[in-house]
Each structure stands twice: as C-alpha cells, then as structure tokens.
Amino acid sequence: MSLTKLSRSIEGKVALVTGAASGMGQATAELFAEQGAKVALTDVSIEAQEHVVERITSAGYVARGWHLDVTDASQIEACVVEVAEHFGGLDILVNNAGIGAGGPIDADDYEAIWERGINTMLTAHVRMIRAALPYLRQSDSARIVNIASTEGLGATKRISAYTTAKTGVIGLTRSLAVEFGTEGITVNCICPGPIRTGMTANIDEANKQEYARRRVALKRYAVPEEVAHMTLSLVLPAASFVTGVALPVDGGLTIKNA
Ligand code: NAI
C-alpha cells in the first residue's frame, strides 16, 4: 500500500486567530504566517496587535489585523465576514482569547467575574464557530482548535469561573467534533499547562520555578511557541483523522503524581 501523501502544509490556507496580540495567540499567528497561511489576527487590544502584524508582514508573510472584542456578538459576526471576504474564505479557526477569571465563589463581584469569564472563554467560542461555519463548510480541510487549559482537566481553588469555562470548552469541542463528523470539519482543543505569556507575567519568577519544580514533569514553564506548534499540528490537512481531542501541552503536569 502506498502513501497518499497527505499534506503537512498550511500554505495558502486562511486562518483566524483570536487574542492574537500576545502570548500563545501571537505565537500561533506568527507560526501560521511563517508556514505560508494568510492570517487574520484579531484582538481587543489593537495597538499591541498592530506591532505583531507589522512584524509578520515586514518579514514578507501575509497577515492583517482586525479589532475584535470576542464578548461582543455583533463584532464577531461582522469580523468573520470581513476576514472571509478579504482573504477569500476561511479554513482554520483558533479560539484562543482568554483572561484570568479568578475569585472565590463568595466574592462580592463573583457574578461579574463569572459573566466575564464565561462570555470571553466559552460563549465567544460558540459564537465564533457559528459565524465561521458557513465558510469552514466551503473548505476542503476545515479545522477548529479551541484553547482550553489543564484547568479543564482538573481544578485549582478560587478560579471556578475560569475552570468552568475551560471545562466547557472541552465539552464543546467533543460535542461539535461529533456534530461535524460527516462534514470533515475537525474540532480539537489544546490544554496548555503553565506558559510564559501576558496572563502569567505577574507571577514572580521564584513562584514560577517553585510551581514548576513541584508540579511539572519537565520542571519548567513553556514558551508560547511550544503550544503554537501543537496547534499547527492539529490544523494540518494531514491531521484529517484527529477530532474531539483534548491535548495537554503541559510538560507532564496532568500525568505527574509525585
Ligand atoms: P495573554 O494575556 O498573553 O493573551 C491573551 C490575549 O487575549 C491578549 O492579547 C488579550 O488582549 C486577548 N483578549 C482578552 N480578552 C479579549 C476579548 N474580550 N476579545 C479579544 N481578545 C481578548 O495570555 P495567553 O496565556 O497567551 O492566553 C491565551 C489562551 O491560553 C487563553 O485562553 C488562556 O486562558 C489560555 N491558557 C493560558 C495558560 C498560561 O499559562 N498562560 C495556561 C492554560 C491556558
């Protein structure tokens, strides 16, 4: 039996990444562009994102930035249409934008934390997918990757809104993987462990190292690029039989007992 030569290239594919101004979203956008994709960077923080777009395009790759607050349903709808019209379709959606939604259940402002966390990291994914679906259906290798967290596989105290959102992302991923099964649209999610990004920038170095030493098999935080490469693997045309997976990219955090 000979190989059919499934493609390991995303050259010419159109990819939309949310939260692309920083951290893992930025690394994903840069890596996808370097691999020849046409990348739509979207973020609520437009200024930071412009620098990223500038860096990508000045290196000769194809990218454009859009302002998008993923908590705003009307912005999502308009942005996805604009991106698809600009680049002539949409093949890859990476739902990455996120915030720290911490606070104990009895906090005075818990309702606000809950609403912001769930809206940004779960409802937004649903809306992005619904808006992207007509275009993904036109693609011959449509891919959705949701960025969840190891918080979706376990739990840390006092961040229940965050943990609930991330657990929901895993459920959404599995559910839609089954729902889109006959259409060839794959839906997967990545569960990053501790990564050096904007989100973890305020954890001081000593605490980072102590946490990594105790909890992570590889004894360190990762850099965003290490997650971006796994996202790339899941969106390759050759990743055609992988769907509904929640892939830990966590240096062994979730398998480490002692
Ligand atoms: P980051 O803070 O560096 O980047 C997050 C980006 O999302 C920022 O550019 C921010 O402006 C954008 N964003 C926030 N709210 C938004 C909104 N309403 N609309 C559009 N964009 C918005 O953080 P990081 O770590 O790169 O986060 C990416 C994803 O990874 C998040 O979903 C986060 O929950 C997840 N994650 C992060 C981990 C870590 O250790 N850093 C671990 C596990 C998951």
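A polar contact is a pair of N or O atoms within 3.5 Å. In this predicted model, Lys166 meets that cut-off: a polar atom of its side chain lies 2.9 Å from an oxygen atom of the ligand. The backbone takes part as well. A polar backbone atom of Ile195 is 2.9 Å from an oxygen atom of the ligand. For Met199, a backbone N or O atom lies 3.3 Å from an oxygen atom of the ligand. On its own, the ligand has 830 Å² of accessible area, and the protein covers 90% of it.

The shell around the ligand was examined next. It holds 29 residues. The closest are Ser22, Asp43, Asn96, Tyr162 and Thr197. By class, 14 residues of the shell are nonpolar, twelve are polar and three are charged.

The ligand sits in the largest pocket. Two elements give two or more residues to the shell around the ligand: helix H1 (23–34) and helix H5 (160–179).

The volume of the largest pocket is about 1,400 Å³. Its lining consists of 50 residues. Closest to the centre of the pocket are Ile99, Gly100, Tyr162, Met199 and Thr200. Tyr162 thus appears among the residues closest to the ligand and among those closest to the pocket centre. Met199, with its backbone atom 3.3 Å from a ligand oxygen, is also one of the residues closest to that centre. H1, helix H4 (110–136), H5 and helix H6 (205–215) each give two or more residues to the lining. The lining divides into 20 nonpolar, 22 polar and eight charged residues.

The second largest pocket holds about 230 Å³ of space. Its lining includes Gly23, Gln26, Ala27, Glu30, Leu31 and Glu34. Arg55, Ile56, Ala59 and Tyr61 also line this pocket, as do Pro224 and Glu225. Elements that give two or more residues to this lining are H1, helix H2 (46–58) and helix H7 (224–235). H1 gives the most, with six residues. By class, the lining of the second largest pocket has six nonpolar, two polar and four charged residues.

Helix H1 links these descriptions. It gives two or more residues to the shell around the ligand and to the lining of the largest pocket. It also gives six residues to the lining of the second largest pocket.

Definitions and conventions. Residues numbered from 1 in each chain as written. Predicted model: local features only at pLDDT ≥ 70, side-chain atom pairs only at ≥ 80, totals over all residues. Heavy atoms only, no water. Near = heavy atom within 4 Å. Polar contact = N/O pair within 3.5 Å; in protein donor to acceptor, adjacent residues only side chain to side chain. Areas by Shrake-Rupley, 256 points an atom, 1.4 Å probe, with all protein chains shown as cover. 1 Å grid on protein atoms, 1.4 Å probe; cavity = no way out; pocket = protein on both sides within 12 Å on 5 of 7 lines; lining within 4 Å. Sits in = over half its atoms within 2 Å of the grid points. Helix = DSSP H or I, 4+ residues; strand = E, 2+ residues; numbered from the N terminus. Nonpolar A, V, L, I, M, F, W, Y, C, P; charged D, E, K, R; others polar. Points joined across faces, edges and corners; volume = space filled by probe spheres on them.
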